[in-house]
Each structure stands twice: as C-alpha cells, then as structure tokens.
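Thanks for making time this morning. I would like to walk you through the interior of one model, starting with its core and then moving on to its ring pairs and its open spaces.

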Amino acid sequence: MAQNPQIPPALFDRALLHMRQSRVRAQGPVSFLLDRVDEDMADRLAAVMREFGAVADLWTPGEGLAALRARFGNAQRVELDAAGEEKLPLAPESLELVASALALQFVNDLPGVLAQIRRALKPDGLLLAAMVGGDSLTELRQAFAAAEAECEGGVSPRVAPFADLRDIGALLQRAGFALPVTDVDRIVVRYANAFALMQDLRRMGAANVLVERRRTPTRRATMLRMAEIYAARFADPDGRIRATFDIVWLSGWAPHASQQQPLKPGSAKASLAEAVKKVKRD
C-alpha cells in the first residue's frame, strides 16, 4: 500500500518513548539537562514584559517545568500519552503561552505540531520551547558508526537526527509565527567513559527510539570497540570523554496588530545607492 505523501514518515516510536519516560520517572531520572533548561526557561520568561493567563506545558518529561509551576499555578500540563499521539488536545485560540522543554526533538511531524500550537494561541500569544538539536551527541554517533563499520560491515541508526537552527527558524515561519527567534546553548558534559554516557541517556528516557533502530542486541565486541574509538577521538588529557548537547531555543508569537511589522518593499525614505553616493562625495 502506497504511503500518503501528506503524512511524513515516522522516525520515532513515540509509544516506546512514553514507556521509557514512565519507567525512568518511577525509578528516578537523571535530570541535569532538564534542570538547566528549566532555569533558563525561568530567566527567559522573566525577560518577557507581559503577563500570561492561560498557560500550557507541552510534553516536558518528568514532572514538567518547575518554572511554569512556580509562576503560573494554573498551568495546564499536556503529557505524552501512551500511544504517543501528536494531535494536541488544545482548543483554537485558548492559550496565551505554550512552553515545552526537551520534547520536540522526538516529534515525527514537527511542522504539523508547530501549526497546531500556533492555532491554539490567542493573538499575541507566545511559544517558548527548548529542544535537543544541532550537533548533539555527535561524538557518540561517530564512534558507533566507526565501530559498526569495522566490526559488522554496516551501520545501523543509533542516534536520532537533530534539526539545526536554520531549519527550526524556517519551520516557525512556515507555521505562521511572527517575530520568530532561535538560538543555541551548547553544553559539554564529561564522563568517565562511553558506557557512563549511555547509562545517563537511558535514565533520561532518551535512549534510541528510532523506528528503524536495530532490534537485536549489539555484539559485545562492537560495544567495546565503540568505547575505544570514543576515548581515542573525544577524550581530554585526563582521560574523560566529552559529550555535546546543543539545546536549541525557539520562540514565536501568534500575529497581532500591535506587533512590529517589517517595512513594505519600496517604502524606505532613502535608497542605499544615494547613501553610497553621499559617502563618496564626503
């Protein structure tokens, strides 16, 4: 049966993501990355000079954003459901702020989800989100690829593809957001070895949930070779390895007449050519 071209292919097994996040939530997650984002979220919201009424926390793992709970006691929590559905239970123009942390990187149809958020926002409502992107876990990706190619003669999907800054900015515009802004916060974490990093990823609920992931256990020889390659390529002089996490921040506003508008083409009062001529004369 031919695939509907209007439906993007599923990259992530979101039901598996829900199961793993629920498991680590019960066991006690590793939360240093989420804690960092939560603190930054509080600072960024404090810099917005306006009040928000109806607020939603979208798919943030664990207990959600403490920054929202502290400032907005009535913040709505939209949790990832067991099926991992991407249809949002949000009425049109019902919210003034949607915030999300470390969740949107696991969305199969990010353009569609951004469009749903845009519809759910009232005019002049704000989306503020942080997601893993850019060159995150590039070291682990390279080490696994080299080890599998050497030990098994092929490479399997290990680390999710991450969107970059430019792509996300374009998606915000495509979804109809005004005044879109993106920036990146690079966090480099050091570990004793690659296995310690992978343990943290599991306890973040962020282990491999790719639909095309390998379903059989990885050979011990491949894992050991991966750790050797990682240490050889990405270790500091003291022997500890580096792991990169790029946190991409994105924000955009639902259009409103009060917002700044770009000038219409041809509306400038002085031309660049005349300005250049004046500089030459002077």
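The largest nonpolar core has 85 residues, and those with the most contacts inside it are W59, L114, I117, L127, M226 and Y230; a nonpolar core here is a set of buried Ala, Val, Leu, Ile, Met, Phe, Trp, Tyr and Cys residues joined through side-chain atoms within 4.5 Å, where buried means under 20% relative accessible area, exposed over 50% and partly exposed in between, with a 1.4 Å probe and protein chains only. Please keep in mind that this is a predicted model, in which local features need pLDDT of at least 70 and side-chain atom pairs count only at pLDDT 80 or more, while totals for chains, interfaces and linings use all residues. Residues are numbered from 1 along each chain as its sequence is written, and side-chain values use heavy atoms, with hydrogens and water left out.

Taking I117 from that core, and leaving aside its neighbours within four places in sequence, we find I117 in contact (heavy atoms within 4.5 Å) with L58, L88, V98, L127 and F177.

Now to the rings. There are 4 aromatic pairs, counted when ring centres of Phe, Tyr or Trp (its six-membered ring) lie within 6.5 Å, with planes under 30 degrees apart called stacked, over 60 edge-to-face and the rest tilted. One of them joins F12 and F106, whose centres are 5.8 Å apart and whose planes stand at 85°, so the pair is edge-to-face. This pair links distant parts of the chain, with F12 in the segment before α1 (14-27) and F106 in the loop between β3 (95-101) and α4 (110-120), 94 residues apart; helices (H or I, at least four residues) and strands (E, at least two) are DSSP runs, numbered from the N terminus. F12 counts as buried at 5% relative accessibility, and F106 is buried as well, at 9%.

What lines the largest cavity? F106 appears again, together with R14, L17, Q21, W59, L80, L102 and A103, around a space of about 50 Å³. On a 1 Å grid over the protein atoms alone, a cavity is a set of points where a 1.4 Å probe fits but cannot get out, whereas a pocket is an open set with protein on both sides within 12 Å along at least five of seven lines, and lining residues have an atom within 4 Å of a point; grid points are joined across faces, edges and corners, and a volume is the space filled by probe spheres set on the points.

Finally, the largest pocket holds about 1,100 Å³, and of its 49 lining residues, L201, R202, G205, A206 and A207 lie nearest its centre.
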